[in-house]
Amino acid sequence: GWDPSLGISAEIPLDDHMHKFLIFEIIDDSKSSNFITLPGGGFHDTTVSITSASLAAKLRYILFNIGFKYDFRVDTVPTGLCVQLCLSVGITNWSTFTTTVLSTTSSPDIAIVSIDGADALRIALRPELTYDIPLSSRWILTPSIGYDYPLMNVDGTTRDWLASSVYGAIALRYAIGTN
């Protein structure tokens with residue numbers, strides 16, 4: 001599924017050449033997906049004919065990321081292609097299953113329930129490719145693309161369910177203490 005995320009980040013340079021950075025991020029992140037849509041064949045009795053049934057999940061986390069960013073170009077400001085790797089610890093904000101049943105005899109039947117056994121914490125790795133575009137000596141625009149690779153299951157049940165994501169982001173950064 002598609003869901004927006006919002007966060008703040010800080011990059012602390014580890015050298016004078018804007019080559020290596022320590023990264024800190026806090027992100028409100030969502031992972032959603034539609035799992036199953038079944039046609040109505042076989043789902044009927046004498047009074048109701050079901051045309052389809054679907055299951056969707058929505059997970060929301062507050063992520064705390066710490067990582068390292070390497071800029072391939074040496075300059076006085078972050079510039080060009082970079083790689084970044086963060087360790088992510090997520091605190092579950094909420095998690096739900098939504099079941100929707102459509103029938104020929106009534107309006108849609110929608111049930112939203114909490115995910116049973118959802119873990120309170122989530123640990124993942126987040127590799128990224130970024131590209132720093134200096135707009136001035138203080139302002140930097142950074143588009144990025146990354147992958148959220150889970151190191152643990154979503155819940156403690158026998159579902160053996162992992163939640164990962166490919167994401168795109170754009171950051172507008174202000175450099176403090178530069179000339």
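This dialogue reads strand pairing, side-chain burial and salt bridges in a predicted model.

User: Which faces do the side chains of strand β7 point to?

Analyst: Along a strand, look for alternation. In β7 (residues 139-150), I140, T142, S144, G146, D148 and P150 point to one face and are buried. W139, L141, P143, I145, Y147 and Y149 point to the other face and are not buried.

User: Which strands does β7 pair with, and in which sense?

Analyst: Bridges give the partners. β6 (residues 121-134) pairs with β7 in the antiparallel sense over 7 bridges, and the two form a hairpin with 4 residues between them. In this pairing L125 stands opposite Y149. β7 and β8 (residues 165-174) also run antiparallel, joined by 10 bridges; here I140 stands opposite R173.

User: What does R173 form a salt bridge with?

Analyst: A salt bridge is read from the N to O distance, with a cut-off of 4 Å. R173 bridges to E11, with the closest N and O atoms 3.1 Å apart. Because R173 lies in β8 and E11 in β1 (residues 6-13), the pair ties together parts 162 residues apart in sequence. R173 counts as buried because its relative accessibility is 16%, and the cut-off is under 20%.

User: How many salt bridges does the whole structure hold?

Analyst: The search finds 9. Among them, D132 and K69 have their closest N and O atoms 2.8 Å apart. This pair links β6 and β3, 63 residues apart. D132 is buried at 2% relative accessible area, and K69 is buried at 0%.

User: Which residues are linked in a network of salt bridges?

Analyst: D29, K31, R122, R126 and D148 are linked in this way. D148 is also one of the buried residues of β7.

Conventions: Residues numbered from 1 in each chain as written. Predicted model: local features only at pLDDT ≥ 70, side-chain atom pairs only at ≥ 80, totals over all residues. Heavy atoms only, no water. Buried < 20%, exposed > 50% of the residue type's maximum accessible area, 1.4 Å probe, protein only. Pairing = 2+ DSSP bridges. Salt bridge = Lys/Arg side-chain N within 4 Å of Asp/Glu carboxyl O.
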